Amino acid sequence: AGNQWIPMGGELEAQGGGALLIRLRVSTSDRREVPFTLRLIRSGRLLSVVEGRTPFEKILEAPPPEPGAREYFRIEITKPHWLLSNPIFVRRRG
């Protein structure tokens, strides 16, 4: 419900059964255009693979966790360099 920004390592408390909107942003510190391959991981399972060029922004939808469950999302960039983000935890009220 609403727009909540959750930092890496933070936790979102989801309410209701609506889809989660996941905003992906990828950029470089020197603002160059660089091709990349990104994997969105949900609790250890591959949710989506996205290829693009920086700067990049996209919104993906995902179903919320089951009531009372807690899951995490993280990104892994495998090209041009390997990068693994800290997780963002999502808990759904029962």
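**Glutamate 76, threonine 54 and the pockets of an all-strand chain**

Glutamate 76 lies in strand β6 of a predicted model. The residue counts as buried, because its relative accessibility of 12% falls under the 20% cut-off. Two polar contacts involve the side chain of glutamate 76: one, of 2.7 Å, joins it to the side chain of arginine 39, and another, of 2.8 Å, joins it to the side chain of tryptophan 82. When residues up to four places away in sequence are left aside, glutamate 76 touches Thr37, Leu38, Arg39, Ile41, Trp82, Leu83 and Leu84. Both partners in the polar contacts, Arg39 and Trp82, are thus included in this set of touching residues. Leucine 38, also in the set, is 38 residues from glutamate 76 in sequence, with a C-alpha to C-alpha separation of 5.7 Å.

The chain as a whole contains eight strands and zero helices, and its elements accordingly run β-β-β-β-β-β-β-β from the N terminus on. Along the principal axes, the C-alpha atoms fill a box of roughly 45 × 25 × 20 Å. Of the 94 residues in the chain, 35% are buried. The accessible surface comes to about 6,400 Å², and carbon and sulfur atoms account for 49% of this area. Among contacts between residues at least 6 apart in sequence, 59% join residues at least 24 apart; the pair formed by glutamate 76 and leucine 38 is 38 residues apart.

Threonine 54 is placed in the loop between β4 (45-53) and β5 (56-62). Its relative accessible area is 4%, under the 20% limit, and threonine 54 is therefore classed as buried. The side chain of threonine 54 reaches two backbone atoms: the oxygen of arginine 32 at 2.8 Å and the nitrogen of valine 34 at 2.9 Å. Not counting residues up to four places away in sequence, threonine 54 touches Val26, Ser27, Thr28, Arg32, Glu33, Val34 and Phe36.

Threonine 54 is also one of the residues lining the second largest pocket, which has a volume of about 200 Å³. The lining includes several residues that threonine 54 touches, among them Val26, Ser27, Thr28, Arg32, Val34 and Phe36. Pro35, Ile77, Pro80, His81 and Leu83 also belong to the lining. Leu83 is in addition a contact of glutamate 76. By class, seven residues of this lining are nonpolar, four are polar and one is charged.

The largest pocket has a volume of about 1,200 Å³. It is lined by 32 residues, and those closest to its centre are Gln4, Ile6, Leu21, Ile22 and Arg23. Strands β1 (11-14), β2 (20-26), β6 (70-79) and β8 (88-92) each supply at least two residues of the lining. The largest share, seven residues, comes from β2. Strand β6, which contains glutamate 76, is among the strands that supply at least two lining residues. By class, 21 residues of the lining of the largest pocket are nonpolar, seven are polar and four are charged.

Methods:
Residues numbered from 1 in each chain as written. Predicted model: local features only at pLDDT ≥ 70, side-chain atom pairs only at ≥ 80, totals over all residues. Heavy atoms only, no water. 1 Å grid on protein atoms, 1.4 Å probe; cavity = no way out; pocket = protein on both sides within 12 Å on 5 of 7 lines; lining within 4 Å. Points joined across faces, edges and corners; volume = space filled by probe spheres on them. Helix = DSSP H or I, 4+ residues; strand = E, 2+ residues; numbered from the N terminus. Nonpolar A, V, L, I, M, F, W, Y, C, P; charged D, E, K, R; others polar. Buried < 20%, exposed > 50% of the residue type's maximum accessible area, 1.4 Å probe, protein only. Contact = heavy atoms within 4.5 Å. Areas by Shrake-Rupley, 256 points an atom, 1.4 Å probe, with all protein chains shown as cover. Polar contact = N/O pair within 3.5 Å; in protein donor to acceptor, adjacent residues only side chain to side chain.
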